Amino acid sequence: MGSMQSLVTLDLSHNNLSGSIPSSFEEIHGLSYVDISYNHLEGPLPNINAFREALTERLKGNKGLCGKVGALLPPCNAHGSKNHHKCKKRRSIKILNKTTCMEKFPFQF
């Protein structure tokens, strides 16, 4: 995901995703809108404005997230999250009408 420098909008809501959000999201400096609501995500939010400034409704429905988003999320512990899942298969997601396959993508469908 970090190589997608021109990505501005990302909506992965209602996709039954689980696992942690890749740290490579911190390399997407142009990302200004993110909606990851109603999945099963856990762990720390990437430390970029798109996540820090996300509205409550764009993050809700994920019981395992932590990070600095107002009073919405609990702070992360010293290790960053409860558990990290390992991806064993290729994953694909549809972003802006293009499908991208990625190795070691931690979201699980």
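For the pocket lining described on this tour, Ala, Val, Leu, Ile, Met, Phe, Trp, Tyr, Cys and Pro count as nonpolar, Asp, Glu, Lys and Arg as charged, and the others, Gly among them, as polar. The model on screen is predicted.

**Whole chain**

Start with the chain in cartoon view. It holds one helix and seven strands, and their order along the sequence is β-β-β-β-α-β-β-β. Now switch to a surface. The chain exposes about 6600 Å², with carbon and sulfur atoms supplying 49% of that area. Of its 109 residues, 43% count as buried. For contacts between residues at least 6 apart in sequence, 38% join residues at least 24 apart.

**Strands β2, β4 and β5**

Select residues 40–44, which form strand β4, together with residues 18–20, which form β2. The two strands pair in the parallel sense, over three bridges. To see one position in this pairing, pick glycine 19: leucine 41 of β4 stands opposite.

Next add residues 64–66, strand β5. Strands β4 and β5 also run parallel, joined by three bridges. Here the residue to pick is proline 44, whose bridge partner in β5 is cysteine 66.

**The largest pocket**

Keep proline 44 selected and bring up the largest pocket, which has a volume of about 280 Å³. The lining has 18 residues, and those closest to the pocket centre are Pro44, Leu45, Pro46, Asn47 and Gly67. By residue type, the lining divides into ten nonpolar, five polar and three charged. Pro44 therefore falls in the nonpolar class, as do Leu45 and Pro46, while Asn47 and Gly67 belong to the polar one.

**Asparagine 47 and glutamate 26**

From the pocket, move to asparagine 47, in the loop between β4 and α1. Which residues does asparagine 47 contact, leaving aside its neighbours within four places in sequence? They are Glu26 and Arg52. A distance to draw here is the one from asparagine 47 to phenylalanine 25: the two are 22 residues apart along the chain, and their C-alpha atoms are separated by 8.4 Å.

Follow the contact across to glutamate 26, which is found in the loop between β2 and β3. Its relative accessibility is 35%, so glutamate 26 counts as partly exposed. Apart from neighbours within four places in sequence, glutamate 26 is in contact with Pro46, Asn47 and Ile48. Asparagine 49 is 23 residues away from glutamate 26 in sequence, and the C-alpha to C-alpha distance between them is 9.4 Å.

**The loop between β1 and β2**

Go back towards the N terminus and select serine 13, in the loop between β1 (9–11) and β2. Is serine 13 buried or exposed? Its relative accessibility is 16%, and buried means under 20%, so serine 13 counts as buried. Show the residues around it: not counting those up to four places away in sequence, serine 13 touches Asp35, Ile36, Ser37 and Asn39. For the last of these, asparagine 39, the separation from serine 13 is 26 residues in sequence and 6.7 Å in space, C-alpha to C-alpha.

Stay in the loop between β1 and β2 and pick asparagine 16. Its phi is near 60°, a positive value in a residue other than glycine. With 47% relative accessibility, asparagine 16 counts as partly exposed.

**Tyrosine 38**

What is the phi of tyrosine 38? It is positive, at about 55°, although tyrosine 38 is not a glycine. Select this residue in the loop between β3 (33–35) and β4. Tyrosine 38 counts as partly exposed, at 38% relative accessibility.

**Leucine 55**

The last stop is leucine 55, in the loop that lies between α1 (49–52) and β5. Leucine 55 has a relative accessible area of 42%, and is therefore partly exposed. Draw one more distance, from leucine 55 to tyrosine 33: the residues are 22 apart along the chain, with 9.6 Å separating their C-alpha atoms.

Notes. Residues are numbered from 1 along each chain as its sequence is written. This is a predicted model: local features need pLDDT of at least 70, side-chain atom pairs count only at pLDDT 80 or more; totals for chains, interfaces and linings use all residues. Side-chain values use heavy atoms; hydrogens and water are left out. Two strands pair if DSSP finds at least two bridges between them. Helices (H or I, at least four residues) and strands (E, at least two) are DSSP runs, numbered from the N terminus. Buried means under 20% relative accessible area, exposed over 50%, partly exposed in between (1.4 Å probe, protein chains only). Contact means heavy atoms within 4.5 Å. Accessible areas come from the Shrake-Rupley method with a 1.4 Å probe; for residues, only the protein chains shown count as cover. On a 1 Å grid over the protein atoms alone, a cavity is a set of points where a 1.4 Å probe fits but cannot get out, and a pocket is an open set with protein on both sides within 12 Å along at least five of seven lines; lining residues have an atom within 4 Å of a point. Grid points are joined across faces, edges and corners, and a volume is the space filled by probe spheres set on the points.
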